[in-house]
Structures are given as C-alpha cells and as structure tokens.
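Visitor: Hello! Could you walk me through this protein, one step at a time?

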Amino acid sequence: MLHTRSLLLSIAIACFGLIGVALYLQIGLDMLPCPLCVIQRYLFIAIGLCCLAGAYTKPRLGAGLALMAALGGLYTAGKHLYILAHPGLSCGIDPMETFLNKIPTATYLPFLFHADGLCEDALAPWFGLSIPQWSFLGFGLCTLGLAWLLIRRAR
C-alpha cells in the first residue's frame, strides 16, 4: 500500500511541477499558451488531482481516472506534434480557443488557463525538445506508471 501511495504522490508532484514549468515558460520566457497547451495543462492538473485523491482514498479508482486523463494528454500532445509537423495546419483562433477562454477557470485564473498563443510558437527547443515533445514524454511516463500500478495491483 505504501508503494502505491508513493507512486501516486510522485506522479502528482511531477504533474504539478510540469504546470510550474509551463508557468515559468509563459511568465518568465513570454511563451503564450495555445489552445492545445491549455488543454494539456487541464489534463496534467487532472492527473495530479486524481493521483492525490487516489493516494489517500481508493488507489485503483484514482489511478484509473488519472490513466484516462494521461491517455487524453497523449492524444492532445500527439495532435499538437502533428500540427507542428505539418506547417499548413494551425490551431490558432478557432472555436476551440473561444470555448476554452470562456470556461470559468480561464475567466478566474487567466494566467493559467487563457489561450493566447499559436501552436506553432511551441516549436522553440528547450533542452533539445519542443514543448509538445516534452509534454508527450510527460504524459507517456504518467501513462506507463499508472498502467503499471493498475496491472500490478490486479495480480
């Protein structure tokens, strides 16, 4: 039980740490988030909250919900990478951005959830990888850890 709790807490801390990095990139380096970046922020927060809740209540439920969010994050980061690989595509000002910017969390916490950037701006390498590549890696590691936890607990 202790091992399960520490893995869930580690994943939660990592996800909240990645949100901290995103805020540093936004505020410190003036890299505005695009709609797909904002969706990835929501998903990292969802993973973190589900892992936190699972660590102190029902580990399998928390890990299962976090795994679903991590899979959604893999899809979103993959879509972001696809857009970057095909320069003719864009996720710029579209209905998704308008919708995201009207969600109450974007209204009350605009520094965290307001989408102002373009997907193409996330291409700047950071330690050799683009921001969506780092995000994809983060979601992938969360997925592996959570899947391992659920498979291990099932046996």
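Here are some questions and answers about the predicted model shown above.

Visitor: How many helices and how many strands are there in the chain?
Guide: Let's follow the chain from its N terminus, where the elements run α-α-α-α-α-α-α. Every letter in that string stands for a helix. The count is therefore zero strands and seven helices.

Visitor: What percentage of the residues in the chain is buried?
Guide: A residue counts as buried when its relative accessible area is under 20%. The chain has 155 residues to sort by that rule. The buried share comes to 43%.

Visitor: Are α2 and α3 roughly parallel or roughly antiparallel?
Guide: Two packed helices are described by the angle between their axes and the distance between the axes. Helix α2 covers residues 35–56 and helix α3 covers residues 59–85; their axes lie 8 Å apart, at an angle of about 165 degrees. Angles over 145 degrees count as roughly antiparallel. So the relation of α2 to α3 is roughly antiparallel.

Visitor: Is the crossing of α2 and α3 left-handed or right-handed, and how many nonpolar residues are in their contact?
Guide: The crossing of these two helices, α2 and α3, is left-handed. Sorted by class, their contact has one charged residue and seven polar ones, and its nonpolar residues number 15.

Visitor: Which helix supplies the largest share of the largest nonpolar core?
Guide: In soluble globular proteins, nonpolar side chains tend to be buried together. Here the largest nonpolar core has 31 residues, and L8, I11, I47, C51, F139 and L146 are those with the most contacts inside it. At least two residues each come from α1 (2–28), α2, α3, α6 (110–113) and α7 (131–154). The largest share is eight residues, and the helix that supplies them is α2.

Visitor: How many disulfides are there?
Guide: To count as a disulfide, two cysteine sulfur atoms must be within 2.5 Å. For C51, the nearest cysteine sulfur belongs to C15 and is 6.3 Å away, so C51 is in no disulfide. C142 is in none either, because its nearest cysteine sulfur, again that of C15, is 3.7 Å away. The number of disulfides is zero.

Visitor: Is C51 buried or exposed, and what about C142?
Guide: The cut-off for buried is a relative accessibility under 20%. C51 has 0%, so it is buried. C142 has 6%, so this cysteine also counts as buried.

Visitor: Where is D30 found, and is it buried or exposed?
Guide: D30 is found in the loop between α1 and α2. D30 is not a glycine, and yet its phi is positive, at about 55 degrees. Its relative accessibility is 62%, and over 50% means exposed, so D30 counts as exposed.

Visitor: How far apart are the C-alpha atoms of A14 and G48?
Guide: A14 lies in helix α1, and at 39% relative accessibility it counts as partly exposed. Along the chain, A14 and G48 are 34 residues apart. In space, their C-alpha atoms are separated by 7.9 Å.

Visitor: How far apart in space are R152 and T4?
Guide: R152 lies in helix α7, and with a relative accessible area of 27% it is partly exposed. In sequence, R152 and T4 are 148 residues apart. From C-alpha to C-alpha, the distance between them is 9.7 Å.

Terms used: Residues are numbered from 1 along each chain as its sequence is written. This is a predicted model: local features need pLDDT of at least 70, side-chain atom pairs count only at pLDDT 80 or more; totals for chains, interfaces and linings use all residues. Side-chain values use heavy atoms; hydrogens and water are left out. Axes are lines fitted to C-alpha atoms, for helices over the stretch in contact, and angles run from 0 to 180 degrees between N-to-C directions. Helices (H or I, at least four residues) and strands (E, at least two) are DSSP runs, numbered from the N terminus. Angles under 35 degrees count as roughly parallel, over 145 as roughly antiparallel, 65 to 115 as roughly perpendicular and the rest as oblique. A crossing is left-handed if the near helix is turned anticlockwise from the far one by less than a right angle, and right-handed if clockwise. Ala, Val, Leu, Ile, Met, Phe, Trp, Tyr, Cys and Pro count as nonpolar, Asp, Glu, Lys and Arg as charged, and the others, Gly among them, as polar. Buried means under 20% relative accessible area, exposed over 50%, partly exposed in between (1.4 Å probe, protein chains only). A nonpolar core is a set of buried Ala, Val, Leu, Ile, Met, Phe, Trp, Tyr and Cys residues joined through side-chain atoms within 4.5 Å.
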